[in-house]
Amino acid sequence: MIAKSRLWRGAVYGITAAGIWGGMYVVSDVTLLVVPPFTLLTLRILLGLLVLFPLDRARGQAAPDGRTKLLLLGVGAIGLGISLGAQFVGTDLSTAVNGALITSASPAFVVLFALILLREKLTVWRLATIALASVGVLVILNPAAADFGSETFLGDVFLAIAAVTWGLYSVLVRLISVRRALPTLTVTVYALLGGLLLSIPASALELSQRPLGEVDAAVFLGVLYLGLVSTAFALLLWNRAFALVPATLASLFFFAQPLSGAFLAALFLGQEMTVALWIGAGLIAAALLFSLSRAPRDAPARKKASS
């Protein structure tokens, strides 16, 4: 049984993080015109560390042992280096609709890796809620508007890699956080450092081929948003959500990302609030509410992770 307080805290953390990430596609479209993908990722990670590293040190707790550090760096390389790097590259080479559709497959991969690595039980109820939320995403995003063809093929491949590796990263965060009882802040800091191991050399290589463009106020603010809000704040919340609740349940929180993205596009880009948008939003909201109401009855107990 999951304590209701843990369940609802995990839901608030996960849904808030995914909601923040919903604005990334709009912001990335602006910043990627000026800043190459892995350079943008490096700046994002460095800004995140600028906030989180001092906070982690201020806790005064002993650092993880050498083996745990290596595990955390490896997890970070998968999630922050490979997954987010592939997401930025894919967004740069493909389209916003393709990116939203393909990366929305991440919850399915979270469930898959949770079954394999965590041996979590996938109930019929939870599978049904994932299917319901997926239908909601398809209604909102309109797959007919996607452009899968030769011009976007490479970008779509990178986006698919991003979806798979983010699912793996999320499950590994839960595996390490729970089994080694590590603070979420420490896990997040070392994950960011692991991402730098890949993003820095990739950034150096791409800058030799594609230099920075003209950085104006919009690009500067976009980088700050991606680094401070979307990384330092949202990543910490996401990791905490996966430390609190089973991964098969936490995967559902990701569906708040396309929902948030659709509403933000309507708010800032003048996108019409269509009937499909409201129907899709209702389906996703219903799936989240159903899963949360059922979770205390169908989920196994888990060891409590430190905060």
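A residue counts as buried when its relative accessible area is under 20%, as exposed when that area is over 50%, and as partly exposed in between. Keep this in mind for the exercises below, which explore a predicted model.

**Exercise 1. Getting your bearings**

Find out how many helices and strands the chain has, and what share of its residues is buried.

*Solution.* Start with the secondary structure: the chain holds 13 helices and zero strands. Reading along the sequence therefore gives a pattern made of α elements, α-α-α-α-α-α-α-α-α-α-α-α-α. Next, turn to burial: of the 307 residues in the chain, 54% are buried. Finally, look at the contacts between residues at least 6 apart in sequence: 93% of them join residues at least 24 apart.

**Exercise 2. Trp-166 and its aromatic partner**

Decide whether Trp-166 is buried or exposed, and describe how its ring sits against that of Tyr-169.

*Solution.* Begin with accessibility. Trp-166 has a relative accessible area of 6%, so it is buried. Tyr-169 has a value of 0%, so this residue is buried too. Now place the two in the chain: they are three residues apart in helix 8, which means about one helical turn separates them. Then compare the rings. Their centres are 4.8 Å apart and their planes meet at 35°, which makes the pair tilted. This is one of six aromatic pairs in the count. Last, widen the view: Trp-166 and Tyr-169 belong to one aromatic cluster together with Trp-21, Trp-238, Phe-242 and Phe-254.

**Exercise 3. Into the nonpolar core**

Work out which residues have the most contacts inside the largest nonpolar core, and which helix gives the largest share of this core.

*Solution.* The largest nonpolar core has 72 residues, and those with the most contacts inside it are Trp-21, Leu-80, Trp-166, Tyr-169, Trp-238 and Phe-253. Helix 10 (residues 217-244) supplies the largest share of this core, eleven residues. To see one of these residues at work in the packing, follow Trp-238. Beyond its neighbours within four places in sequence, Trp-238 is in contact with Gly-14, Ala-17, Ala-18 and Trp-21, with Trp-166 and Ser-170, and with Ala-250, Phe-253 and Phe-254.

**Exercise 4. Three buried polar residues**

For Thr-165, Ser-203 and Thr-68, find the helix and what each one touches.

*Solution.* Take Thr-165 to begin with. This residue lies in helix 8 (residues 153-179) and is buried, because its relative accessible area is 13%. Its side chain reaches the backbone oxygen of Ile-161 at 2.7 Å. Apart from neighbours within four places in sequence, Thr-165 is in contact with Ile-78, Ile-82 and Ser-83.

Move on to Ser-203, in helix 9 (residues 184-207). Its relative accessibility is 7%, so Ser-203 counts as buried. The side chains of Ser-203 and Thr-39 are joined by a polar contact of 2.9 Å. Not counting residues up to four places away in sequence, Ser-203 touches Phe-38, Thr-39 and Thr-42.

End with Thr-68, in helix 4 (residues 66-93). With a relative accessible area of 3%, Thr-68 is buried. Outside its neighbours within four places in sequence, Thr-68 is in contact with Arg-180 and Leu-182. The C-alpha atoms of Thr-68 and Ile-176 are separated by 8.6 Å, although the two residues are 108 residues apart along the chain.

**Exercise 5. A helix with a bend**

Locate where helix 3 bends, and by about how much.

*Solution.* Check the length before the bend. Helix 3 (residues 37-58) has 22 residues and reaches 32 Å from its first C-alpha to its last, close to the 32 Å expected. Now look at Leu-50: helix 3 bends there by about 30°, and Pro-54 follows within four residues. Just after helix 3, Gly-60 takes a positive phi of about 75°.

**Exercise 6. Phi values in two loops**

Find where Arg-119 and Ala-181 lie, and say whether each is buried, exposed or partly exposed.

*Solution.* Recall the background: most residues other than glycine have a negative phi. Arg-119 has a positive phi of about 55° although it is not a glycine. Arg-119 is found in the loop between helix 6 (106-118) and helix 7 (124-141), and is exposed, with a relative accessible area of 64%. Ala-181 also has a positive phi, near 50°. Ala-181 lies in the loop between helix 8 and helix 9. Its relative accessibility is 33%, so Ala-181 counts as partly exposed.

Key: Residues are numbered from 1 along each chain as its sequence is written. This is a predicted model: local features need pLDDT of at least 70, side-chain atom pairs count only at pLDDT 80 or more; totals for chains, interfaces and linings use all residues. Side-chain values use heavy atoms; hydrogens and water are left out. Buried means under 20% relative accessible area, exposed over 50%, partly exposed in between (1.4 Å probe, protein chains only). A polar contact is a pair of N or O atoms within 3.5 Å; within protein, one must be able to donate a hydrogen and the other to accept it, and residues adjacent in sequence count only if both atoms are side-chain atoms. Contact means heavy atoms within 4.5 Å. The expected span of a helix is 1.5 Å times one less than its number of residues. The bend at a residue is the angle between axes fitted to the seven residues ending there and the seven starting there. A nonpolar core is a set of buried Ala, Val, Leu, Ile, Met, Phe, Trp, Tyr and Cys residues joined through side-chain atoms within 4.5 Å. Rings of Phe, Tyr and Trp (its six-membered ring) pair if their centres lie within 6.5 Å; planes under 30 degrees apart count as stacked, over 60 as edge-to-face and the rest as tilted.
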